[in-house]
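Dear colleague,

Please find the structure below, handed over for your reading. A summary of what was found in it follows.

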Amino acid sequence: MTLGFDGEKGENEVKESIPTPTTPVLASEEAPEADVGTNADDSFMEADPASEGSNSSDENGNQSRPVSSSEEDTDDMADAEQPTATLSQNEQYMGVESEPSTAADSQFQTQALPNVTASVEQPVAVPVTRKVQRKTVIIWGILIGVAVILIGGYFILKNMVFTPSEQIKTYVSAVSSGNYKRANQLVDPGVANDSRILLTNDYAKNADSRIKNVEIGPLVRNPRGSGYQVRISYTVNGVKQSKPLDIQAAGKQFLIFDSWRIATPLTTTIKVAAPKTVDSLVVNGINVKLAEAGMNKEVVTPPSDSSSSDSSDEMHYSSMDQYTLPVYPGVAKVELPNSKYIQAQQVKLDGSSKVAYIAPQATDALEKGILDQVQQRINDCTASTETNKTGCSFSNGTFEDYGGPNYTNIKRTVSSQPSLSELDLSNGEFKTSLIQTNITYQYRFDSDSDWEDGRSSASDYLAGTFVIKDGELAVKIDDSGKNYY
């Protein structure tokens with residue numbers, strides 16, 4: 001295509017080739033041919049260096065020559081390499097609307113607008129998605145880790161803590177270590193509070209009194225019901241013993257763990273027997289009130305060898321009161337409380353099949369203590385000036401109280417010191433030898449008569465009961481005498 005210089009046609013063609021200010025010129029578009037000598041706008045002359053070159057050629061007198069398509073392409077590429085301002089989408093459309101629409105413009109707009117629009121609307125790439133994904137992975141990792149820990153902890157607790165075996169180990173350990181208070185909390189002994197006096201830590205202060213060499217057998221299904229059964233073996237004073245424990249399901253603990261209950265406590269019993277004169281015994285250093293703590297009281301006959309010695313002066317018992325005391329397995333040392341009135345040898349128990357027979361023997365202090373009470377009664381009776389005094393059958397005499405003479409200056413004296421003829425520690429009874437009393441007095445039948453001297457006598461036994469309470473002697477004298485004259 002060649003540039004023409006023939007009038008309006010060339011001018012119009014040049015105008016059509018001028019790109020609108022709002023639309024960038026693309027290198028791919030062919031610029032319309034223009035005459036160098038036309039009256040084009042100065043802006044076009046400044047924007048198109050190729051046109052300036054043409055004018056300069058005309059001024060030097062050079063003839064115009066045809067412009068090849070390759071030269072046109074080179075000029076277009078030079079225009080495309082120049083920097084162009086990027087306009088907003090609205091400005092671009094406004095620039096397009098300001099020029100008259102022609103076929104060439106329509107073709108230009110169709111080709112250029114999509115590229116311009118794409119260059120404006122294309123977003124800047126920011127790595128937000130990768131950060132979000134990483135954060136999500138971390139959160140899920142934490143949740144899965146926590147879930148694994150919780151599930152693992154559940155199975156550890158279920159199989160190592162909340163199991164029948166662990167329950168039994170904890171309980172047996174408390175018993176073997178002498179922590180009976182803890183054992184009572186784990187398993188109810190099943191006895192009244194008064195009878196738990198030996199189920200305390202004080203009972204097992206001495207390590208020799210506890211069970212040793214404890215072994216826990218395997219869990220087996222309880223043949224008598226639901227749950228399990230386990231046999232506990234141990235030694236007491238070197239003797240091997242054993243006892244079965246029943247353990248049963250008891251619902252849930254913390255809503256998710258199985259709970260177990262030991263139905264049979266690891267307790268046993270010991271039996272102690274003592275005469276009724278003894279109200280308490282000491283077991284492993286603990287003072288036990290037999291009437292309060294003892295269970296299943298019964299009267300028994302002790303064996304003949306239960307006495308502490310073979311002395312002929314020793315008291316032999318025909319009966320004793322036997323009591324049952326709950327304890328944990330171990331060695332029990334049974335003895336009398338400290339007392340100056342009776343004494344007995346200590347008896348050691350290491351099993352529930354034996355009975356501790358406590359056979360007290362009277363000391364001189366016991367006889368003296370009873371005779372002191374007897375002497376006090378004698379003094380009270382002989383000091384009386386009454387003709388008849390209750391409890392003084394041995395000193396009342398033969399005074400006539402109704403229709404007889406009047407009496408005065410009544411004096412009584414006992415001819416000898418009292419002594420004990422009987423002392424029964426089994427039943428707590430005593431009896432004195434015969435007490436004889438000499439009585440002197442004066443009497444008259446009427447007030448006009450003189451007083452006359454009189455003499456009389458009386459004799460009887462004093463009898464009664466005694467008991468030793470908390471190591472102290474308590475004596476009661478019977479007031480119903482028979483009056484021997």
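**The disulfide**

The count comes to one disulfide, the term being used for a pair of cysteine sulfur atoms within 2.5 Å. This is a predicted model, in which local features need pLDDT of at least 70 and side-chain atom pairs count only at pLDDT 80 or more, while totals for chains, interfaces and linings use all residues. Residues are numbered from 1 along each chain as its sequence is written, and side-chain values use heavy atoms, with hydrogens and water left out.

The disulfide joins Cys381 to Cys392, with an S to S distance of 1.7 Å. The pair links distant parts of the chain, 11 residues apart: Cys381 is in helix H11, and Cys392 is in the loop between H11 and strand E16 (406-414). Helices (H or I, at least four residues) and strands (E, at least two) are DSSP runs, numbered from the N terminus. The link of Cys381 and Cys392 is left-handed, with -80° about the S-S bond. Both Cys381 and Cys392 are buried; here buried means under 20% relative accessible area, exposed over 50%, and partly exposed in between (1.4 Å probe, protein chains only).

**Salt bridges**

Side chains of opposite charge can pair when their charged atoms come close. Counted as a side-chain nitrogen of Lys or Arg within 4 Å of a carboxyl oxygen of Asp or Glu, the salt bridges number seven. Three of them are described here, beginning with the pair of Asp321 and Lys297.

The closest N and O atoms of Asp321 and Lys297 are 3.9 Å apart. This pair links distant parts of the chain, with Asp321 in strand E10 (residues 320-327) and Lys297 in strand E9 (residues 295-300), 24 residues apart. Asp321 is buried, at a relative accessible area of 11%, whereas Lys297 is exposed, at 53%.

Asp350 forms a salt bridge with Lys354, and their closest N and O atoms are 3.8 Å apart. Asp350 is buried, with a relative accessible area of 16%; Lys354 is partly exposed, with 44%.

Helix H11, which holds Cys381, also contains a salt bridge partner pair: Lys368 and Asp372 both lie in this helix (residues 364-383), four residues apart, about one turn of the helix. Their side chains meet at 3.2 Å, N to O. Lys368 is exposed at 53% relative accessibility, and Asp372 is partly exposed at 39%.

**The sheets**

Two strands are taken to pair if DSSP finds at least two bridges between them. One open sheet of four strands has the order E9-E10-E6-E14, with mixed pairing. E9 and strand E14 (355-357) stand at its edges, each with a single partner strand, so one side of each is left without a neighbour in the sheet. Neighbouring strands of this sheet are turned by 25° against each other on average, direction ignored; for such angles, axes are lines fitted to C-alpha atoms, for helices over the stretch in contact, and angles run from 0 to 180 degrees between N-to-C directions. E9 and E10, the strands that hold Lys297 and Asp321, pair in the antiparallel sense over four bridges. The bridge partner of Glu298 in E10 is Gln322.

Another open sheet of four strands has the order E17-E18-E21-E22, with antiparallel pairing. Its edge strands are strand E17 (420-424) and strand E22 (472-477), each pairing on one side only. The average turn between neighbouring strands of this sheet is 20°, direction ignored. Strand E18 (residues 429-432) and strand E21 (residues 463-469) run antiparallel and are joined by three bridges, and Lys431 has Ala463 as its bridge partner in E21.

**Strand E11**

Which side chains of strand E11 point to one face and are buried? Along this strand (residues 332-335) the side chains alternate: Ala332 and Val334 are the buried ones on one face, while Lys333 and Glu335 point to the other and are not buried. E11 pairs with strand E7 (residues 280-283) in the antiparallel sense over two bridges, and Val282 stands opposite Glu335. E11 is also joined by three bridges to strand E13 (residues 347-349), the two running antiparallel. There, Leu349 in E13 is the bridge partner of Ala332.

With kind regards
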